[in-house]
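Colleague: I'd love a close look at the sheet in this model and whatever packs against it. Please take me through it piece by piece, and then out to the wider picture.

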Amino acid sequence: MVLLDSDIVIYSTKPGYDVLRGFLSAHSLSVSVATRVEVLGFHAITEIDKAELEALFQITIVFPITDEIAEKSIELRQIKKMSLGDAFI
């Protein structure tokens, strides 16, 4: 199983990333709910991009943010400066 970061999700829907799409199609995919929020919450998302991304999320496992993940995210952010989304992912 492959856990996808937001950038990988976005690039997988763009022209010119056939190798990436080929790699992803050969694996079981998963994302954090934080990735889903980051990607679909983009302020300038187009309806076409939104539809493509939602279709991708339909075939992925979306992991919730559990208490255990929240605690690990706190630890990571105390050790290294990072965004909240990256800590959750």
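Modeller: Happy to, and a good place to start is Val 2, whose bridge partner in strand 2 is Leu 29. Please keep in mind as we go that this is a predicted model. The next pair to look at is Leu 3, which sits opposite Ser 30 of strand 2. In total, strand 1 and strand 2 (residues 29-32) are joined by two bridges and run parallel.

Now cross to the other side of strand 2. Here the partner is strand 3, and the two pair in the parallel sense over three bridges. One position to find on screen is Ser 32, which stands opposite Phe 63 in strand 3. Put together, the three strands make an open sheet with parallel pairing, in the order 1-2-3. Strand 1 (2-3) and strand 3 (61-63) are the edges, and each has a single partner strand, so one side of each has no neighbour in the sheet.

It is worth staying with strand 2 a little longer to see where its side chains go. In a regular strand, side chains alternate between the two faces of the sheet. Strand 2 shows Leu 29 and Val 31 pointing one way, with Ser 30 and Ser 32 pointing the other way. All four of these residues are buried, the two serines included.

Next, look at what lies against the sheet. Helix 3 packs on it and touches both strand 2 and strand 3. The direction of helix 3 makes about 80° with that of strand 2.

One residue of helix 3 deserves a stop of its own, and that is Thr 35. With a relative accessible area of 0%, Thr 35 is buried, since the cut-off for that class is under 20%. What does Thr 35 touch, once residues up to four places away in sequence are set aside? Its contacts are Leu 4, Asp 5, Ser 6, Val 9, Phe 57 and Ile 89.

Ser 6, from that list, is found in helix 1. Ser 6 is buried too, at a relative accessible area of 7%. Beyond its neighbours within four places in sequence, Ser 6 is in contact with Thr 35, Glu 38, Val 39 and Ile 89. Asp 7 is also in helix 1 (residues 6-11). Asp 7 counts as partly exposed, with 44% relative accessibility. From C-alpha to C-alpha, Asp 7 and Ala 87 are 15 Å apart in space, although their positions lie 80 residues apart in sequence.

Back on helix 3, there is a helix partner to consider as well. Two packed helices are described by the angle between their axes and the distance between those axes. Helix 3 (residues 33-40) and helix 4 (residues 47-58) pack at about 170°, and their axes are 11 Å apart. That angle is over 145 degrees, which makes helix 3 roughly antiparallel to helix 4. From helix 3, the contact is made by Thr 35, Arg 36, Val 39 and Leu 40. Helix 4 supplies Lys 50, Leu 53, Glu 54 and Phe 57. Sorted by class, this contact has four nonpolar, one polar and three charged residues. Thr 35 therefore appears in this helix contact, and its list of contacts includes Phe 57 of the partner helix.

For contrast, turn to helix 2 (residues 18-25), where Asp 18 is found. Asp 18 is exposed, with a relative accessible area of 56%. The C-alpha atoms of Asp 18 and Ile 89 are separated by 24 Å, and the two are 71 residues apart along the chain.

Finally, step back to the whole protein. There are six helices and three strands, and from the N terminus on the elements run β-α-α-β-α-α-β-α-α. Buried residues make up 25% of the 89 residues. Among contacts with a separation of 6 or more, 66% come from residues 24 or more positions apart. The C-alpha atoms fill a box of roughly 40 × 30 × 20 Å along the principal axes. The accessible surface comes to about 6100 Å², with 59% of it belonging to carbon and sulfur atoms.

Technical notes
Residues are numbered from 1 along each chain as its sequence is written. This is a predicted model: local features need pLDDT of at least 70, side-chain atom pairs count only at pLDDT 80 or more; totals for chains, interfaces and linings use all residues. Side-chain values use heavy atoms; hydrogens and water are left out. Axes are lines fitted to C-alpha atoms, for helices over the stretch in contact, and angles run from 0 to 180 degrees between N-to-C directions. Helices (H or I, at least four residues) and strands (E, at least two) are DSSP runs, numbered from the N terminus. Angles under 35 degrees count as roughly parallel, over 145 as roughly antiparallel, 65 to 115 as roughly perpendicular and the rest as oblique. Contact means heavy atoms within 4.5 Å. Ala, Val, Leu, Ile, Met, Phe, Trp, Tyr, Cys and Pro count as nonpolar, Asp, Glu, Lys and Arg as charged, and the others, Gly among them, as polar. Buried means under 20% relative accessible area, exposed over 50%, partly exposed in between (1.4 Å probe, protein chains only). Accessible areas come from the Shrake-Rupley method with a 1.4 Å probe; for residues, only the protein chains shown count as cover. Two strands pair if DSSP finds at least two bridges between them.
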